Amino acid sequence: MRRFGEQVVAGQRYRLRPGAYAVLMRGDRFLLTHQAEPTPEFQLPGGGIDPGEGALTALNREVFEETGWSITGHRRLGAYRRFTYMPEYDRWAEKVCHIYLARPALRRGPPSEPGHTAFWMSGAEALAALSNSGDRHFMAKVLRNLG
């Protein structure tokens, strides 16, 4: 599985943290989430898969929490992993990120997760805004397939 991001810290113990994330496309616009803390950054909407939860269930829950939108038409694009410190959980994690392409279907309200704001952008804007190199890789893959 391809790895993106920080180098592994020698001697550091990492806990496995699977997650599901989506490139959300509607027409020629893309829906991202902006997380204000701990570091302000734009991300693909999504998040951790809880114990006993399937990837698509987690994806739908996380996208709704972070954007206020329900989604449909899920199609798996691939996966990557990254090793990182998660200050909000005080945990070193090996994140296994399952990436999907989906379509925002219905805005059900504002994001319910504190510190998250939903933003619509063009493909070029989204590609430039994403802070994570793995997220950018999959956004670029979608944009290449559109052209």
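Welcome to this structure, a predicted model. A good place to start is Arg81, which counts as partly exposed at 27% relative accessibility. Arg81 forms a salt bridge with Glu94, with 3.1 Å between the closest N and O atoms. Glu94 belongs to strand 6 (residues 91–107) and Arg81 to strand 5 (residues 69–86), so this pair ties together parts that are 13 residues apart in sequence. From here, we can look at the other charged pairs and then at the chain as a whole.

**Salt bridges**

- Searching the whole structure turns up six salt bridges.
- One of them pairs Asp50 with Arg61, where the closest N and O atoms are 3.4 Å apart.
- Asp50 sits in the loop between strand 4 (46–48) and helix 1 (55–67), while Arg61 sits in helix 1, so this salt bridge ties together parts that are eleven residues apart in sequence.
- Arg61 also forms a salt bridge with Glu62, and here the closest N and O atoms are 3.0 Å apart.
- Through salt bridges that share partners, Asp50, Glu53, Arg61, Glu62 and Glu65 are joined into one network.

**Buried or exposed**

- Asp50 is partly exposed, its relative accessible area being 33%.
- Arg61 is partly exposed as well, with a relative accessibility of 23%.
- Glu62 has a relative accessibility of 8%, and residues under 20% count as buried, so Glu62 is buried.
- Across the 147 residues of the chain, 45% count as buried.

**Overall fold**

- The chain is built with three helices and seven strands.
- Following the sequence from start to end, you meet these elements in the pattern β-β-β-β-α-β-β-β-α-α.
- The radius of gyration is 15 Å, close to the 15 Å that the globule rule gives for 147 residues, so the chain is as compact as a globular protein of that length.
- Measured out along the principal axes, the C-alpha atoms fill a box of roughly 45 × 35 × 30 Å.
- Among contacts with a separation of 6 or more, 71% are between residues 24 or more positions apart.

**Surface and charge**

- The accessible surface of the chain is about 7,600 Å², and carbon and sulfur atoms make up 50% of that surface.
- The chain carries 20 positive and 15 negative charges, and the mean positions of the two groups lie 8 Å apart.

Note on methods. Residues numbered from 1 in each chain as written. Predicted model: local features only at pLDDT ≥ 70, side-chain atom pairs only at ≥ 80, totals over all residues. Heavy atoms only, no water. Helix = DSSP H or I, 4+ residues; strand = E, 2+ residues; numbered from the N terminus. Rg over C-alpha atoms; globule rule 2.2 N^0.38 Å. Buried < 20%, exposed > 50% of the residue type's maximum accessible area, 1.4 Å probe, protein only. Contact = heavy atoms within 4.5 Å. Areas by Shrake-Rupley, 256 points an atom, 1.4 Å probe, with all protein chains shown as cover. Lys, Arg positive; Asp, Glu negative; His and termini not counted. Charge placed at Lys NZ, Arg CZ, Asp CG, Glu CD. Salt bridge = Lys/Arg side-chain N within 4 Å of Asp/Glu carboxyl O.
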